[in-house]
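Got your viewer open and a selection box ready? Let's walk through this one stop at a time.

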Amino acid sequence: MGAIKSLAKDTAVYGLSSIIGRFLNWLLVPLYTNIFDQSEYGVVSYIYSIVALALVILTYGMETGFFRFANHERYSRPDEVYGTAITSLSITSLLFMTVVTIFIFPISRFMECPDNPVFALLMAYTVAIDAYTCIPFAWLRYQHRPMRFATLKLVGIGLNIGFNLFFLLLCPWLWENDPGLIEWFYDPDFRIGYIFLSNMLSSSVTVLLLAPEAALAPWGLRLRLWREMLSYSWPLLLFGIAGIMNQTIGNILLPWILPDKATAMAQLGIYGANYKIAIVMVMFIQAFRFAYEPFIFAKGKGAANGTNSNQSTAMFADTMKYFVIFSMVIFLGVMAYIDILRHFIGSSYFSGLKVVPVLMIAEFFFGVFFNLSLWYKLTDRTIWGTWFSLIGLAVTIVMLLILVPRIGYMGCAWAALGCYGVMMLTSYLLGRKKFPVPYQTTRLSLYFIGALAAYGLMCALTTGHSATDMGVRTILLLIYIAVAVKCEHITFRTLLPRRN
């Protein structure tokens, strides 16, 4: 019991730092969308989509491999596993930086910044640094040092925000009022380049702060161990690539599907900015995962071994029920106050608000898929996660090719919905046979349909007067909450994990 409490405490700290970090970065969006036009922000969205994919490739599952072999019965010295992992990632990160530097001009053309190859160079160096630092951060987690982990993460995020504010707000003001102070380093034409520079500077400082952890590693490749770690990690790489592609493939393919690149980047900018409103659902899903995952896996031991299976699977069903209810409340809350939340982005991006409900439902489907994924995680059939992700990727690509030429960036939103919807349904149908859980599918469906009906009423009763509209929407939101509370007898006590 003490070990589970310790795990829950550590996970809460990791989760809080991750959610706060995502939220703080989220607050940069109003700055970007009010300073940069749609095409410029489209380039930012495009480059960061490629960066997300590159980071998965450059870590190649080694972080999970480190945890597996640091606890392996054949290896009594976790520090040697740490040394092998950090050496491996150091070598591959340096090779990556070298290759990008040599081929920077064709790479910058591919990344839609041919006139500014330094953009690609800055982000290549940043992703190489971040790939390397994943192992020192993993070492902190292995040593159960969540406070140092969280502190370093938040310091890096704080620095990134600080650099952004310095380069994008303070420097332009100084340029107008006293350019002599900054003319030796500041170029007003660099514009979005300062977003990438800020990211690289913050990552570089993080590396320096992790120097004590790097110094603890016995550097060098233990070849046998290294080969075993690669053998274990490469399937995770495939899973990671498929997973991140499902999230970013729309952003990457949109400029290549639409014939006019300028229009494509403007559409990508609108899509990327409005996605930041829908990311409220992503943050909720992440918070839910960090809060419930340790508890579920602790309870899942009995279910996987056939002991207390009825009690455990009933708990899984309850978890899903509360997840659906709270997700739909988040969805309706965002849509009820969209007239306020839209000011989170620049007014020139308002035309893309129609993607928000579609993307939020798509992320909800992904959250349900995450809950359903417990069946193959608890039964050590994680290969199914790769298959589901690959199926989702195929659906995404087909839908993008069909829809984007016809409806532009809305095709990306519907492709995400189709992808996660198919992943959710296939996981549910297969899980019913492999690891049955008594989900109350009829009731869950009613909560989902009821939320969509409430949203439909919000749209139908829109008058164009913001105060009146938000008043009506608030009433509909409260009615939905009241019905859920009444039907489920929800109290603060029921929201807390049950103790043994």
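What follows is a tour of the model, from the whole chain down to single residues and helix pairs.

**Stop 1: the whole chain**

Before you click on anything, keep in mind that this is a predicted model. Show the protein chain as a cartoon and you get 21 helices and zero strands. Colour by burial next: of the 500 residues, 51% count as buried. If you like contact maps, take the contacts with a separation of 6 or more; residues 24 or more positions apart account for 82% of them.

**Stop 2: the nonpolar core**

Now for the inside. Which residues touch the most other members of the largest nonpolar core? Select I47, F196, M328, V356 and F364, which hold that position in a core of 149 residues. Helix α12 (residues 261-305) supplies the largest share of this core, with 15 residues.

Zoom in on I47. Beyond its neighbours within four places in sequence, I47 is in contact with M111, C113, F119, M123 and F196. Another core, of five residues, lies apart from the largest one; F137, F149, L152 and L210 are among its members.

**Stop 3: N160 and the loop after α8**

Select helix α8 (146-177) and look for N160, which lies in it. Is N160 buried or exposed? Buried, with a relative accessible area of 11%, which is under the 20% cut-off. Display what surrounds N160: not counting residues up to four places away in sequence, it touches N25, L28, S198, N199 and S202.

Then move along to R191, in the loop between α8 and α9 (193-209). Check the backbone torsions here. Most residues other than glycine have a negative phi. R191 is not a glycine, yet its phi is positive, at about 45°. As for solvent, R191 is partly exposed, with a relative accessible area of 33%.

**Stop 4: α11 and its partners**

Time for some helix packing. Two packed helices are described by the angle between their axes and the distance between the axes.

Select α11 (residues 223-257) together with α18 (residues 409-434): they pack at an angle of about 155°, with axes 10 Å apart. That angle is over 145°, so α11 and α18 count as roughly antiparallel. The crossing of α11 past α18 is right-handed. Sticks to switch on are N246, Q247, G250 and L254 from α11, and Y409, C412, C419, Y420 and M423 from α18. Six of the contact residues are nonpolar and three polar, with no charged ones.

Keep α11 on screen and add α5 (residues 78-102). Here the packing angle is about 70°, with the axes 10 Å apart. That makes α5 roughly perpendicular to α11. On the α5 side, pick E80, V81, T84, A85 and S88; on the α11 side, pick L225, W226 and M229. This contact of α5 with α11 has five nonpolar, two polar and one charged residues.

One more click in α11: T248 is found in this helix. T248 is buried, with a relative accessible area of 7%. Setting aside neighbours within four places in sequence, T248 is in contact with S49 and A52.

**Stop 5: F369 in α15**

Jump to helix α15 (residues 355-372), where you'll find F369. F369 is buried, with a relative accessible area of 6%. Try a distance label from F369 to T426: the C-alpha atoms are separated by 9.2 Å, although the two residues are 57 residues apart along the chain. Which residues is F369 in contact with, leaving aside its neighbours within four places in sequence? Y376, F388, M423, M424 and S427. You've met M423 already, in the contact of α11 with α18.

**Stop 6: α19 against α20**

For the last stop, select α19 (residues 441-460) and α20 (residues 466-488), whose axes come within 9 Å and cross at roughly 165°. That makes α19 roughly antiparallel to α20. The crossing of α19 past α20 is right-handed.

To see where they meet, put sticks on these:

- from α19: R443, Y447, G450, A451, A454, L457 and M458
- from α20: R473, L476, L477, Y480, A484, C487 and E488

Colour the sticks by class and the contact of α19 with α20 comes out as 10 nonpolar, one polar and three charged residues.

Key:
Residues are numbered from 1 along each chain as its sequence is written. This is a predicted model: local features need pLDDT of at least 70, side-chain atom pairs count only at pLDDT 80 or more; totals for chains, interfaces and linings use all residues. Side-chain values use heavy atoms; hydrogens and water are left out. Helices (H or I, at least four residues) and strands (E, at least two) are DSSP runs, numbered from the N terminus. Buried means under 20% relative accessible area, exposed over 50%, partly exposed in between (1.4 Å probe, protein chains only). Axes are lines fitted to C-alpha atoms, for helices over the stretch in contact, and angles run from 0 to 180 degrees between N-to-C directions. Angles under 35 degrees count as roughly parallel, over 145 as roughly antiparallel, 65 to 115 as roughly perpendicular and the rest as oblique. A crossing is left-handed if the near helix is turned anticlockwise from the far one by less than a right angle, and right-handed if clockwise. Contact means heavy atoms within 4.5 Å. Ala, Val, Leu, Ile, Met, Phe, Trp, Tyr, Cys and Pro count as nonpolar, Asp, Glu, Lys and Arg as charged, and the others, Gly among them, as polar. A nonpolar core is a set of buried Ala, Val, Leu, Ile, Met, Phe, Trp, Tyr and Cys residues joined through side-chain atoms within 4.5 Å.
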